[in-house]
Amino acid sequence: MNAKKLGFGLMRLPLTDPNDAKSIDIDLTCKMVDAFIERGFTYFDTAWMYCGHESENATRKVLVERYPRDSYTLATKLHAAYIKCEDDRDRIFNEQLAKTGVEYFDYYLLHDLRVSHYQIYKDLHCFEWLREKKAKGLVKHMGFSFHDTAEVLDQILTEQPDMEFVQLQINYLDWESESVQSRKCYEVARKHNVPIIVMEPVKGGTLANVPPAVKGLFKSQNPEMSVPSWAIRFVAGLPGVMMVLSGMSNMEQLLDNTSYMQEFEPLTLDEQTLVHRAASLIRSEIAIPCTGCAYCVDGCPMNIAIPQYFALYNTAKVAEDDASIDKKYAKLTETFGRASECIGCAQCEGVCPQQLPIVEHLKKVAEKFE
């Protein structure tokens, strides 16, 4: 792939109503897509469930209906949580073609592979099904996204050697994490010589909103570079990484990301040392390592705004103005269920890519704000 290494992740799109994941600001997203393409970037990544199942519809409006098919690269995904029988595979795939308005997908992923989901994909013969889609020209490149241990990744790549790429959560904060295992998974992918697409390079915004000490560390080294640029350049410079996805929610983020990725320069050895030092400082302050993907919200019987509550809790741990954060929590509870209303069903934990103990964390949120 000769494309520039930055991809537009269509999961955290700008919204007209911050409390409604489906309320995508189409006008603003169109302007962002225009700026992205004008700067020479072509890769777009969506999925069946993004933005309350509206991301693929938005992709048609902001991209497919406005640009020639050969001017962009489009990726989407099939998630194990939404398929109960073999017929569901084609039902969803055909709806994805209709929603996006394309005749084929450049990249198609079996989404969020982990032990339980891998078994579902095998039981429903999804790998064979995906190979058939490629043979028919409906999929140009087949692969999967992954959230589990390096050992499980090694097993999958050994059993499915024809997968053409793997999408991994890699960032400098998770590089040595025993739960995410960014480095170990990266090394497994390199061992199998499989091209890597990086997701969560800024960890859902965590590495854009770092503690003051970390921000000072970066600015003292290079005052011209933004804080998130350190995170994206860290992963983009790793050998074997063909694309880095960034979920951009406003024009400022898009213009910043594209500015330093147009003529990309990897981190120097000294800069790499600096980001690992930054990771140690961040780990000492972060309370709940949530990326804000919101997979946990869809299907919550109590309609609890889990990612928003976790973000407020993390902010409260390092902020001086607790009162304003308390007010934000109270405002959210006018629309969503309170943290204390969690019934402990743990369906959220079953779909959390970070494998967080969400039920226990909600108890902490309730104790803090209620």
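A residue counts as buried when its relative accessible area is under 20%, and as exposed when that area is over 50%. Keep these cut-offs in mind during the tour, which goes through a predicted model.

**Stop 1: Thr59**

Select Thr59, which sits in helix α3. Is Thr59 buried or exposed? Its relative accessible area is 1%, so Thr59 is buried. Now show its side chain, which reaches the backbone oxygen of Ser55 at 2.8 Å. Then add Leu10, Thr46, Val64 and Leu74: Thr59 is in contact with these residues, leaving aside its neighbours within four places in sequence.

**Stop 2: the barrel**

Next, colour the strands. Eight of them form a closed barrel in the order β1-β2-β3-β4-β5-β6-β7-β8, and the pairing is parallel. From one strand to the next, the twist averages 30°. Strands of a sheet pair through backbone hydrogen bonds, either parallel or antiparallel.

Zoom in on β1 (residues 6–9) and β8 (residues 241–247). How many bridges join β1 to β8? There are 4, and the two strands run parallel. Pick Gly7 and look across to β8, where Leu245 stands opposite. Now add residues 251–261, which make up helix α11. Helix α11 lies across β1 and β8, and runs at about 165° to β1.

**Stop 3: helix α4**

Select residues 86–100, the 15 residues of helix α4. From its first C-alpha to its last, α4 reaches 22 Å, close to the 21 Å expected at 1.5 Å a residue.

Which residues of α4 are buried? They are Asp88, Arg89, Ile92, Phe93, Gln96, Leu97, Lys99 and Thr100. Turn the view to look down the axis of α4: the buried residues fall within an arc of 170°, so they line one face of the helix. On the other side, Asp87 and Ala98 are exposed.

To see what covers the buried residues of α4, display the elements that include α2 (50–53), α3 (55–64), β3 (73–79), β4 (105–113), α6 (126–135) and β5 (139–146). Helix α3 is the one that holds Thr59, from the start of the tour. Finally, step past the end of α4 to Gly101, which follows the helix and has a positive phi, near 80°.

**Stop 4: Gln347**

Go to helix α15 (residues 347–351) and select Gln347. With 26% relative accessibility, Gln347 counts as partly exposed. Show Cys296, Asp298, Gly299 and Cys300, which Gln347 touches, not counting residues up to four places away in sequence. Val297 lies 50 residues from Gln347 in sequence, and their C-alpha atoms are 9.5 Å apart in space.

Terms used. Residues are numbered from 1 along each chain as its sequence is written. This is a predicted model: local features need pLDDT of at least 70, side-chain atom pairs count only at pLDDT 80 or more; totals for chains, interfaces and linings use all residues. Side-chain values use heavy atoms; hydrogens and water are left out. The expected span of a helix is 1.5 Å times one less than its number of residues. Buried means under 20% relative accessible area, exposed over 50%, partly exposed in between (1.4 Å probe, protein chains only). The arc is that of the directions from the helix axis to the C-beta atoms. Contact means heavy atoms within 4.5 Å. Two strands pair if DSSP finds at least two bridges between them. Axes are lines fitted to C-alpha atoms, for helices over the stretch in contact, and angles run from 0 to 180 degrees between N-to-C directions. A polar contact is a pair of N or O atoms within 3.5 Å; within protein, one must be able to donate a hydrogen and the other to accept it, and residues adjacent in sequence count only if both atoms are side-chain atoms.
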